[in-house]
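Hi everyone, thanks for coming. Today I'd like to walk you through one structure, piece by piece, so please have a look at it with me.

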Amino acid sequence: MIEELEKIKKSALKELNSVKNLDDLEKWRVNFLGRKSFLANFPKQFKNLSPEEKVRIGSFYNQIKTELETLYQNKKEELSQKIEVLFDFDHPGSKFSFPSLPLIQTNLKRIIDIFRDLGFYVIDSNYLVSEYENFDSLNMPPYHPARDMWDTIWLKKPNKYLLRTHTSAFQVPFLLKFKPPVRGIVPGKVFRFEATDARHDFEFYQIEGISVSENSNFSHLRFIFKEFFKRYFEKNLEIRFRPSYFPFTEPSVEVDLSCLLCQGKGCLVCKFSGWLEVAGAGMIHPFVLKQAKIDPNKFQGYAFGTGLERLIMLKYEINDIRLLHSADLRTNEI
Ligand SMILES: [Zn+2]
């Protein structure tokens, strides 16, 4: 019986040496110390022994059992500590690539920086505006057909409030607050109740600019545009003004940029015209200046608006606006 015990001890020690994790250790425990193990059932044989043998073999049995239990506890502690090392928070982690801020945010910041350098205030403004701010103050009374140009999202309460359809809604509040001479931009989201497709989304960013002084004029506007696009696209690009119509500017122009992709030679993106439409602009209508309590005989100014997503799509050659608003992180890995 002593030999049997020694044999069991020997094989238990041998197997314990090859135990490398807690799962294996548990198997080892069940095998050598568990309820059905040889050691657990060994005392059943004591009844056939003489009292002297019972003492001798019993104490040897207890010694081996205690020894294996101690070894088990030690091994368990050792393996548990190894697991803790896996969660060592001071341990340098493995590198993984994570996209930077979304393209919208990084580009918006870049654009704000450029306009700041060009001497423009940057104003944050409300998404929720009154009918007066969005329409009436901009020479669009209730009967004006230009109101039909946008699909407006109206609020039921408070009545006559809406999610702004354009950042121009800030023009009059801005001019009421900051007296001329003044230059400012308001970047921010605008909302239209439109079906979405590759070119349209129901919310998007605009950047509105305004400059009012005694002599702000089209040549200033042209310089600002030329400088802005040069810095933003990091290319020397041609711009051109085309006559257009907006109720709140007179005269009004569409601003085209020589095509970034074909350098004006003509391609699919510019529909072979060599030009890309990038902004709307004009001299601020005297009606708007009057709304801001500015004398149109003394002061004049220009205003412009451009779409942030359009600029980003051109810069990074992205062909679907919805990618910019989606949670797909691959869009930011450009
Ligand atoms: Zn082109």
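Before we start, one definition: helices and strands here are DSSP runs, H or I of at least four residues for a helix and E of at least two for a strand, and they are numbered from the N terminus. Also keep in mind that this is a predicted model.

Let's begin with the backbone. Most residues other than glycine have a negative phi, and most peptide bonds are trans. Now find the loop between strand 3, residues 153–154, and strand 4, residues 161–163, where Pro 158 sits. The peptide bond from Lys 157 to Pro 158 is cis, with omega near -5°. Lys 160 lies in the loop between strand 3 and strand 4 too, and Lys 160 has a positive phi of about 65° although it is not a glycine.

There is another cis bond to look at, from Glu 250 to Pro 251, with omega near -5°. Pro 251 belongs to strand 8, residues 249–258. And Asn 139, in the loop between helix 6 and strand 3, has a positive phi near 65°. Is Asn 139 buried or exposed? Buried means under 20% relative accessible area, and Asn 139 has 18%, so Asn 139 is buried.

Next, helix 5, residues 103–117. At 1.5 Å a residue, its 15 residues should span 21 Å, and the end C-alpha atoms are 21 Å apart, which agrees. The buried residues of helix 5 include Leu 103, Ile 104, Leu 108 and Phe 115. The buried residues cover an arc of only 160° around the axis, which puts them on the same side of helix 5. On the other side, Lys 109, Arg 116 and Asp 117 are exposed. After helix 5 comes Gly 119, with a positive phi near 90°.

Finally, the sheet. Here 7 strands form an open sheet in the order 1-5-6-10-9-8-7, with mixed pairing. Strand 1 and strand 7 stand at the edges with a single partner strand each, so one side of each has no neighbour in the sheet. Strand 8 and strand 9 pair in the antiparallel sense over 8 bridges; Ser 252, for instance, has Gly 282 in strand 9 as its bridge partner.

What packs on the sheet? Helix 8, residues 218–233, does, touching strand 7, strand 8, strand 9 and strand 10. Helix 10, residues 308–316, packs on the sheet as well, and its direction makes about 55° with that of strand 10.

Thanks for listening!

Technical notes: Residues are numbered from 1 along each chain as its sequence is written. This is a predicted model: local features need pLDDT of at least 70, side-chain atom pairs count only at pLDDT 80 or more; totals for chains, interfaces and linings use all residues. Side-chain values use heavy atoms; hydrogens and water are left out. Buried means under 20% relative accessible area, exposed over 50%, partly exposed in between (1.4 Å probe, protein chains only). The expected span of a helix is 1.5 Å times one less than its number of residues. The arc is that of the directions from the helix axis to the C-beta atoms. Two strands pair if DSSP finds at least two bridges between them. Contact means heavy atoms within 4.5 Å. Axes are lines fitted to C-alpha atoms, for helices over the stretch in contact, and angles run from 0 to 180 degrees between N-to-C directions.
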